Structure formats: structure tokens, C-alpha cells
Number of protein chains: 2
Amino acid sequence: MSQPDTKQRILDAAEHLFARNGYHATSLRGITTTADANLAAVNYHFGSKEALLEAVIVRRLDPLNEIRRGQLEALLQKAELAGELPSCREVLRAFVEPTLRLRQQGSEAEDFIALIGRTLAEPRGIAMSIFLRHMQPLLQRIFQALALSLPALTEQDLFWRMHFTMGCLSHIMRCHERYSMVPDNVNIDLPVDELIEHFLDFTTAGMEVAR
Amino acid sequence: MSQPDTKQRILDAAEHLFARNGYHATSLRGITTTADANLAAVNYHFGSKEALLEAVIVRRLDPLNEIRRGQLEALLQKAELAGELPSCREVLRAFVEPTLRLRQQGSEAEDFIALIGRTLAEPRGIAMSIFLRHMQPLLQRIFQALALSLPALTEQDLFWRMHFTMGCLSHIMRCHERYSMVPDNVNIDLPVDELIEHFLDFTTAGMEVAR
DNA sequence: ACACGATTAAAACAGATGTTTTAATCATAC
DNA sequence: GTATGATTAAAACATCTGTTTTAATCGTGT
């Protein structure tokens with residue numbers, strides 16, 4: 001290869017532009033120009049624009065889900081050994097923490113986070129079916145774990161609250177920095193760790209509240 | 001006019017298609033075909049595709065905000081007369097209830113809800129700037145009211161929790177019906193009133209929880 | 001040095017996009 | 001009835017889209 005991996009450069013550029021402008025508003029010419037590659041390179045390396053989107057998503061989502069799953073299983077096992085129920089907060093943490101910590105890996109991963117947040121926001125979109133295909137098993141496992149940690153909730157209530165929680169998460173994933181109506185004395189650049197705890201405060205309270 | 005208001009028919013078709021497929025994935029030809037109008041009618045009546053989007057949003061958003069504002073001010077006044085602080089739950093209700101009740105007005109308004117939910121999900125999108133221009137004053141008023149109802153919270157904390165709440169709301173606005181991973185025994189067609197109370201349970205708990 | 005497969009480059013493809021232009025048609029007032 | 005302004009219709013506009021095709025180039029093993 002002449003330059004360090006055209007394929008990689010295209011993935012990076014696509015991730016950035018998809019995240020920033022959305023799938024439909026991003027053209028292959030925009031991507032290949034940014035990546036300093038030839039237009040035909042996308043179809044040569046990936047086959048189609050849609051396949052490129054899938055490659056962009058999968059590259060980071062699969063490893064991320066590995067981490068989330070590992071953290072979750074470790075937690076469940078520890079709780080079982082201690083003869084206790086897993087705490088709702090820690091179950092949520094297993095899902096959220098690895099996600100938001102991606103931001104500490106630099107701005108590349110930050111684009112990915114925004115892209116996923118966007119994907120979650122387009123019900124019928126192309127990205128959604130790709131996303132679900134790679135998320136479904138983990139989501140079901142999380143649901144099981146949450147049910148275990150909140151035995152007082154009906155499945156119906158649990159579903160909706162998990163739904164709300166996912167809404168919160170996808171929101172902060174895509175609305176990082178630069179958001180509407182922020183009062184003067186508010187620090188928008190909250191460190192990741194504080195954001196995580198803030199988020200867990202909020203959602204755990206919502207999950208655990210009595211009806 | 002030959003047929004009942006071409007302008008109206010275009011607005012309806014655009015609302016439906018924008019909500020369903022997003023702004024960029026919707027073509028003027030798709031809109032005019034659905035509306036049974038001529039292609040040039042859009043530019044004749046509205047000027048441009050972007051101006052059409054604004055017209056679609058404004059048509060329902062402005063009246064909706066009137067209602068939200070009315071409900072909020074009535075609540076604040078009542079609390080002041082009683083010498084009490086407004087309750088956080090009721091402040092949130094003033095914002096959320098009129099929104100979700102739009103669904104009871106039939107499927108047209110339902111498209112609008114999905115469109116707004118989508119808009120909130122595209123930080124840098126064209127729709128966002130339109131939306132913010134018409135939302136800003138009300139959002140600030142809501143923020144004030146929430147601050148009043150939760151005097152123990154710092155502005156910083158309040159901002160983030162309101163941020164989470166908006167995330168929840170935009171999520172359920174666009175993910176009505178047909179959503180991923182729903183367990184068998186869960187009834188996805190929750191009546192609007194129950195959904196509202198569910199939502200208020202969850203978000204109020206998150207807003208009020210101690211740190 | 002040569003050959004071969006992988007990669008890149010440039011051009012062309014057919015089709016779709018938002019917008020404009022030019023005529024035709026309609027409704028209404030005189 | 002005819003003139004006038006608003007609306008509709010059909011076609012053309014230039015530009016952009018994702019994808020293919022055809023050559024050229026590169027790297028590597030012999």
C-alpha cells in the first residue's frame with residue numbers, strides 16, 4: 001500500500017462526516033476528499049455506501065459491546081457469589097460507563113459516539129437495522145439483569161423505564177458540547193466521570209422510584 | 001382555488017414524509033406526488049425546501065408553545081397565591097402533557113411529534129436552528145420554573161437533569177410504536193395518560209433525588 | 001527484470017435533486 | 001364577455017448523487 005491504509009482513512013472520514021451531518025447529507029465525494037482518496041475507493045474496498053456505514057459502526061460497536069458484556073457478567077457473578085441481588089446502578093453503569101469513556105480515547109471515538117446517538121434517533125433509518133443487529137443480544141441481557149435488580153417492578157414498568165434511560169443516554173451521546181440554552185454559570189465541559197455519576201444519579205432514581 | 005388548499009396538502013405531505021424519513025431523505029417530488037400537487041408548487045408557495053420545513057414546524061409548534069406557556073403560568077400563579085413553591089412534577093407536566101396529548105388529535109399531529117423528536121436528535125441540522133428560534137423563550141421560562149421548584153439544586157445540576165429529561169422526552173416522541181427489543185408481555189400501546197404519568201414518575205424522581 | 005495481483009486514478013454512467021422558466025388555466029371583478 | 005392577477009402545469013436547468021468501467025500504477029515474489 002502506498003499510503004498508510006486507505007481503508008482506515010476512509011473509515012475515519014466517514015465516521016466523522018456521518019456523525020456530523022448524518023448519513024443522507026454525507027456524499028461519497030465528501031468522504032473521499034476528506035480521506036484524500038479516490039472516489040472509486042469506497043466501492044472498491046467496501047462495496048457500497050451502505051456497507052461503508054455498517055463497517056464504520058461495527059468497527060467500534062463490537063469491541064465496545066464486548067467490554068460492556070464483560071463488565072456486566074462480572075458484576076452479576078460477584079453479586080451471585082455474595083448471595084445478593086445486583087444493584088440497578090451498577091447494571092446501568094456496566095452499560096453506560098464503557099460507552100462514555102470512549103470519549104477519553106480522543107476525538108475519533110467521540111465521532112462514533114455521536115453517530116450512535118444519531119442512529120438511535122432515526123427509527124426507520126438504514127443505520128438502525130445495522131445497529132440493532134449488533135445490539136439485540138446485549139440489550140436483552142441488560143433487560144434480564146435489570147429485572148433481577150428490580151424485582152418489585154413489572155416487566156411492563158421495567159420496559160418503559162429502560163426505554164426512558166436509553167433515551168437519556170442517546171441524548172447525551174449526540175448532544176455533547178454545544179447545546180441550546182445553557183445558562184451562563186453552567187459548565188458544559190463536565191468531566192466524563194462526573195457526567196457518568198450525574199447520569200446514574202438521575203436514571204437510577206427513575207428506575208427505582210415506587211409507583 | 002380549485003382543490004381544497006394546495007398549500008395545506010403540501011404541508012401535510014411534507015410533515016408526514018419529513019417525520020418518517022427525515023429531511024434529507026425526502027424529496028420535493030415525493031412530497032408533491034403525495035400531496036397530489038405540481039412540483040413547482042412548493043417553490044411557488046413556500047420559496048424553498050428549507051422554508052417549507054420551517055412552515056411545517058411552525059404551524060404546530062407555535063400553538064403548542066402557547067398552550068404549554070399558559071399551563072405553566074397558571075401553575076406558577078396558583079402556587080404563588082397559595083404561598084407555596086410549584087412542584088417539579090407539575091412544572092414538567094406543563095411541558096410534557098400538551099405535547100403528548102397531540103397524539104390524541106389523530107395521526108397528523110403524531111407525525112409532527114415524531115418530526116420534532118427527530119429534530120431534537122440532529123444537533124447541527126437545519127431543523128434545529130428553526131426549532132430553537134421558536135423554543136428558546138419557553139425553555140428559559142421552564143428552566144426558571146424548575147429552579148424555583150427545586151431550590152436545593154445548583155444551576156449546574158439542574159441544567160444536566162433538565163438535559164436528561166429533554167432526552168427522555170425526545171426519545172419517546174420519536175420512538176412511539178414499533179421499537180426494538182420489546183418483550184412479549186409488554187404492551188407497547190400504552191394509553192397517552194398512562195405514558196405521561198410513567199414519564200413524570202421517572203423524570204421527577206431523577207430531578208428530585210439527593211446527590 | 002519480469003510478471004501478476006492488488007490498488008489507485010480518471011472518466012463516464014444513468015438517474016435524482018432543488019430550482020426556474022414558460023405557458024396554460026383558473027377565479028374573480030369590471 | 002373580457003381583462004387581470006393568482007394559481008397550476010410541463011418542461012428544462014444545472015448540479016449532484018452512487019456506482020461502473022477502463023487504464024494506469026504500485027508492490028511483491030520469482
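Tutor: Let's start with a definition: a salt bridge is a side-chain nitrogen of Lys or Arg within 4 Å of a carboxyl oxygen of Asp or Glu. Keep in mind that this is a predicted model.

Student: Okay, why is the pair A:Arg60 and A:Glu15 called a salt bridge?

Tutor: The closest N and O atoms of A:Arg60 and A:Glu15 are 2.7 Å apart. The cut-off is 4 Å, so the pair qualifies. The two partners come from distant parts of the chain: A:Arg60 is in helix H4 of chain A and A:Glu15 in helix H1, 45 residues apart. Both A:Arg60 and A:Glu15 are buried.

Student: What makes A:Asp12 and A:Arg59 a salt bridge?

Tutor: Here N to O is 3.1 Å, and that falls within 4 Å, so the name fits. A:Asp12 belongs to helix H1 (residues 6-21) and A:Arg59 to helix H4 (residues 49-81), with their positions 47 residues apart.

Student: How do you know whether A:Asp12 and A:Arg59 are buried, partly exposed or exposed?

Tutor: Buried means under 20% relative accessible area and exposed means over 50%. A:Asp12 has 28%, so it counts as partly exposed. A:Arg59 has 22% and is therefore partly exposed too.

Student: And what about A:Arg211 and A:Asp157, buried or exposed?

Tutor: One of each. A:Arg211 has 61%, which is over 50%, so it is exposed. A:Asp157 has 6%, which is under 20%, so it is buried. These two form a salt bridge as well, with N and O atoms 3.2 Å apart. A:Arg211 lies in the segment after helix H9 (192-208), while A:Asp157 is in helix H8 (residues 155-174).

Student: How many salt bridges are there over all chains?

Tutor: The whole structure has 28. Some share partners and join into one network in chain A, including A:Arg89, A:Glu90, A:Arg93 and A:Asp201.

Student: Over to the rings. Why is the pair B:Phe18 and B:Tyr23 called tilted?

Tutor: The centres are 5.4 Å apart, within the 6.5 Å limit, so the rings pair. The planes stand at 40 degrees, neither under 30 nor over 60, so the pair is tilted. Both B:Phe18 and B:Tyr23 are buried.

Student: What makes B:Phe159 and B:Trp160 edge-to-face?

Tutor: Their planes are at 75 degrees, which is over 60, so edge-to-face is the word. B:Phe159 and B:Trp160 are buried, and ring pairs link both into a cluster whose members include A:Phe159, A:Trp160 and B:Phe202.

Student: How do you know that the charged end of A:Arg68 sits over the ring of A:Phe95?

Tutor: The distance to the ring centre is 4.3 Å, so it meets the 6 Å part of the test; the charge must also be within 35 degrees of the ring normal. B:Arg68 sits over the ring of B:Phe95, also at 4.3 Å.

Student: Last one: what makes the A:Leu28 approach to DNA strand D a polar contact?

Tutor: A backbone N or O atom of A:Leu28 lies 2.9 Å from a phosphate oxygen, within the 3.5 Å cut-off, so it counts. A side-chain atom of A:Asn43 passes by the same reasoning at 3.4 Å, and B:Tyr44 does so at 3.1 Å. As for which helix gives the most to that surface, H3(B) does, with three residues.

How values were computed: Residues are numbered from 1 along each chain as its sequence is written. Chains are lettered from A and ligands numbered from 1 in the order in which they are written. This is a predicted model: local features need pLDDT of at least 70, side-chain atom pairs count only at pLDDT 80 or more; totals for chains, interfaces and linings use all residues. Side-chain values use heavy atoms; hydrogens and water are left out. Rings of Phe, Tyr and Trp (its six-membered ring) pair if their centres lie within 6.5 Å; planes under 30 degrees apart count as stacked, over 60 as edge-to-face and the rest as tilted. Buried means under 20% relative accessible area, exposed over 50%, partly exposed in between (1.4 Å probe, protein chains only). A polar contact is a pair of N or O atoms within 3.5 Å; within protein, one must be able to donate a hydrogen and the other to accept it, and residues adjacent in sequence count only if both atoms are side-chain atoms. Helices (H or I, at least four residues) and strands (E, at least two) are DSSP runs, numbered from the N terminus.
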